[in-house]
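Me: I have a structure open and would like to go through a few of its details with you. Could we begin with the side chains and then change topic?

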Amino acid sequence: MNAGRIIAYIVAAVLIFFGVLFIWGAFSPNGSAGWILIGLIPVGITFAMVYFASRKSAKAGSDAAQVTYKIDLPANVEMDTLKCKACGGVLGPENIQMIAGAPVVTCPYCKTTYQLTEEPKW
Ligand SMILES: [Zn+2]
């Protein structure tokens, strides 16, 4: 996967090099306007490739973040026994937000907001 991306970047660099060369050549005394069109093709392909590559990696990154979030939370909190300290209402995962790395509970019943402390395991 990583090697494929490196090859894609090298191909993109070569394509943009020749694309710029053709566009540059079009403005030289011996060049013709048709060279601009020829030069725009590899440049366009390059931008499309970079666009799809960055979109794909951004999606993969958000997926990875979601997975770690789901794995991390049950390790810190006993979800099935979690109740509001103020009113005893049952809290779900949607009531917990990670603020500055600490789980913060916002109770949907009494609107109390407090930091969730990890209970001793022994
Ligand atoms: Zn409450």
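Me: How many aromatic pairs are there by the distance rule for ring centres?
Reply: In this predicted model, the count comes to 3 aromatic pairs.

Me: What kind of pair do F17 and F18 form?
Reply: The pair of F17 and F18 is edge-to-face, because the ring planes stand at 80°, and an angle over 60 degrees counts as edge-to-face. The ring centres of F17 and F18 are 5.6 Å apart.

Me: And Y51 with F52, which type is that?
Reply: Y51 and F52 also make an edge-to-face pair, since their planes are at 65°. Their centres lie 5.5 Å apart.

Me: How accessible are F18 and Y51?
Reply: F18 is partly exposed, with a relative accessibility of 44%. Y51 counts as partly exposed as well, at 46%.

Me: Turning to the metal, which residues are the protein donors of the zinc ion?
Reply: The SG atoms of C84, C87, C107 and C110 serve as donors, at 2.2 to 2.4 Å from the zinc ion.

Me: How are those donor residues spaced in sequence?
Reply: The spacing is C-x2-C-x19-C-x2-C.

Me: What is the geometry of the site?
Reply: The zinc site is tetrahedral, with angles of 106 to 116° among the 4 donor atoms. These angles fall between 85 and 135 degrees, the range that a tetrahedral site requires.

Me: Is C107 buried or exposed?
Reply: C107 is buried, as its relative accessible area is 0%.

Me: What about C110?
Reply: C110 is partly exposed, at 32% relative accessibility.

Terms used. Residues are numbered from 1 along each chain as its sequence is written. This is a predicted model: local features need pLDDT of at least 70, side-chain atom pairs count only at pLDDT 80 or more; totals for chains, interfaces and linings use all residues. Side-chain values use heavy atoms; hydrogens and water are left out. Rings of Phe, Tyr and Trp (its six-membered ring) pair if their centres lie within 6.5 Å; planes under 30 degrees apart count as stacked, over 60 as edge-to-face and the rest as tilted. Buried means under 20% relative accessible area, exposed over 50%, partly exposed in between (1.4 Å probe, protein chains only). Donors are N, O and S atoms within 2.8 Å of the metal (3.2 Å for Na, K and Ca); water is not among the atoms, so sites may look incomplete. Four donors count as tetrahedral if all angles lie between 85 and 135 degrees; four count as square planar and six as octahedral if opposite donors are over 155 degrees apart and all others between 65 and 115; anything else is irregular.
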